[in-house]
Amino acid sequence: MPEKFYVTTPIYYPSDKLHIGHTYCTVATDTIARYHRLKGEEVMFLTGTDEHGQKIEDKAKEAGVTPKQFVDNIVEGPQGVKDLWKLMNISNDRFIRTTDDYHVSAIQKIFKKMYDNGDIYKGTYKGKYCKPCESFWTESQLKDGCCPDCGRPVADAEEEAYFFRLSKYADRILDLLENTDFLQPRSRVHEMVNNFIKPGLEDLCVSRTSFTWGVPVDFDPGHVVYVWIDALFNYMTALGYCNDKYHDLDRFWPADVHIVGKEIVRFHSIIWPAMLMSLGLPLPKHVFGTGWLLLDGGKMSKSKGNVVDPYLLAQRFGVDALRFFLLRAFPFGTDGIFSNELLIQTINTDLANDLGNLVSRTTAMSGKYFGQHLPADCGPTEDERDLAGMVAQSRGTFGMIGSFPEEDPRKYDVELIALAAGLRDRYEEAMDALAPHKALEEVFKLIQRANKYIDENKPWLLAKDEANKPRLAHVLYNLLECVRISAVLLTPFMPETCEKIFAQIGAEEEQRTWQSAGAWGLLPAGAAVNKGENLFPRIDMEKELKALEELHAQAQAAAQEAEKAPETITIDDFNKVHFVTAKILDCQPVKKSKKLLCFTLDCGEGKPRQILSGIHEYYEPEELIGKTVVACTNLAPRKMMGLESNGMLISAVKEEPDGSEKLHLIMLDDKVPAGYGLC
Ligand code: ME8
């Protein structure tokens, strides 16, 4: 049975198009998944989208579509989440959407299980709420009175809600974080312990009544499950926990590692294990918190207008160059500062100068001096094989690499071969420690050493004398082997480029495997070598920066334009909406709701009409009775808090700086009779 490996990305919140920061995390996870597949393991790589919550409900409302239509467009639509992962060559085995039926009903069962075992109970929530983050906070958790995650203002919140007994698990969580390697890198442990556990873990509010776009609590209508419970369990429902759609739970749970951004480490390393403990389920083996890609010193966000578009970069530089850059330029686990200069510089230095040059010089010289095939006897000598074997056996620590007189060029061979033979082990160690940047560093040490080897051996001089041809062939063979081993190990990072390299050096399937990367001399000496296209042409930094700046400005202008100008509709579209004048006959607060008022209206229809409106924060019911307002009467009926609403009252909306909205009911002169249409 092959070893199994289960790895996940966070499931993305489809409130906007994804940017390079999201792409970073998914590309990293994809590379880790591909690495384990390369080693012959059975891999489950899960990604997906986290589609519930108030922010989505609000955005959908703003866009004039249902929440499901809204998320469908961002997840499945053009340049949506799935499109982006396809473009970036993401090899996920499964994609979960939290609106999938099997997940929704699984979450209901999970919530009920925790309710039945006493870990979820009903109470009243009083505290602070950050709407953009959908997070509740206690006063003591706020930073300068604002949300400790995003720094934005929070609002007072009070509602009847269900709570999860997080406090009960505080000691076990502390032990898990401090005494095991569950959470990585280690620096994240101190953050969690000092910021969240030491101040005291309070029970967590896990249901909402202030909006409806969520998984309904099936035994208490009006409550929806807190979006983080819904989201975290995706890692298990996507394997079949509490549903019949999938059946891989025994095979893949517990997960080997959840890769997550640093701001959601809290959810994954405190709340998630506590809920699993409550249900008696095994914990994931590791949670790894990555850093952020920052821009201009801050996090990328649509509202700051500083997002970097992965589509644009992939189109200009190629998918593999972009994938490579993300993992080469930023140590995994710490923040990195993205810039176009750094991107171009990384491509020019590592891919054009080092890798691209090595491949093109090696294949070009093989073609020029020997035609398509090197002579059959140019492969490794017995001594070289022994040396490589010893290096591999000692897992790269073998130090004695023979001594040759100063003028003997074989000293270069020995150095090169020793470096290549120990590479796979050093690479493996780095990848297993979730340090892909270190793995790349090791591969590039060989690539740079091989380029130096060309300069040391000067093949162009060797080619001048027929007597040196065997040496020349051996030098080229050694270079091809370095290219082959490097390409095997770069495959998880740049799958398409490595395919091209294998084709250029004539490496067959069995010379592309993990096993083959640990052995020297596997490429047949007479393999068919073909100089192909230049893999990474050098980029003119100045010109490219200018072009990117222009494209970015154009894209921003187009986005601003689109935001300013709402989609136009025809007069026929407009006429579809029935606005009428309405007299308020009665108005009552809705039980258990802070926001809703229930109106009885005369719309000139011969019988009263009931409409619910979320304006209790702004008006007392009695001040509205007798007023004349505007109602839309042909909206599909909708149930809220158990009551049917048959239309909508029209208000003016003002967005406040903290993201909340203020509504002013549109009122008409009371002399206007009820039931008049508006045109
Ligand atoms: O957090 N640099 O979704 P999300 C690096 N739905 N990583 C970044 C980034 C940046 N500039 N911006 C975002 C959620 N990310 C939840 C997850 S999992 C059960 C639920 C990362 O779409 C961010 O850190 O807001 C997070 O790990 C991921 O993108 C998804 O963010």
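In strand E14, glycine 298 is the residue that stands opposite leucine 295. The model in which this pairing appears is a predicted one. The two residues belong to a short antiparallel arrangement: strand E13, covering residues 293–295, is joined to E14 by 2 bridges. E13 and E14 are in turn part of an open sheet of 3 strands, whose order is E14-E13-E15 and whose pairing is mixed. The edges of this sheet are formed by E14 (298–299) and E15 (336–337), each of which pairs on one side only.

A second region of strand pairing involves E4, E6 and E8. Strand E4 spans residues 120–130 and strand E6 spans residues 155–164; the two run antiparallel to each other and are paired over 10 bridges. Within this pairing, alanine 157 of E6 lies opposite glycine 127. E6 also pairs with strand E8, residues 204–205, again in the antiparallel sense, but here over 2 bridges. Phenylalanine 164 has leucine 204 in E8 as its bridge partner.

Earlier in the chain, strands E2 and E3 provide a case of parallel pairing. Strand E2 (residues 42–49) is linked with E3 over 4 bridges in the parallel sense. Arginine 94, in E3, is the bridge partner of leucine 46. The side chains of strand E3, residues 94–97, can be followed in alternation: Arg94 and Ile96 point one way, while Phe95 and Arg97 point the other way. Are these four residues of E3, Arg94, Phe95, Ile96 and Arg97, buried or exposed? All of them are buried, the two arginines, Arg94 and Arg97, included.

The helices offer a further point of interest. Helix H14 (residues 340–370) and helix H20 (residues 495–505) have axes that come within 10 Å and cross at roughly 20°. Angles under 35 degrees count as roughly parallel, and H14 and H20 are therefore roughly parallel to each other. The crossing of the two helices, H14 and H20, is left-handed. On the H14 side, the contact is made by Leu355, Val359 and Thr363, and on the H20 side by Ile501, Gln504 and Ile505. What is the character of the residues in the contact of H14 with H20, in terms of nonpolar, polar and charged? They divide into 4 nonpolar and 2 polar residues, with no charged residue in the contact.

Definitions and conventions
Residues numbered from 1 in each chain as written. Predicted model: local features only at pLDDT ≥ 70, side-chain atom pairs only at ≥ 80, totals over all residues. Heavy atoms only, no water. Pairing = 2+ DSSP bridges. Axes fitted to C-alpha atoms, helices over the stretch in contact; angles between N-to-C directions. Parallel < 35°, antiparallel > 145°, perpendicular 65-115°, else oblique. Left-handed = near helix turned anticlockwise from the far one by under 90°. Contact = heavy atoms within 4.5 Å. Nonpolar A, V, L, I, M, F, W, Y, C, P; charged D, E, K, R; others polar. Buried < 20%, exposed > 50% of the residue type's maximum accessible area, 1.4 Å probe, protein only.
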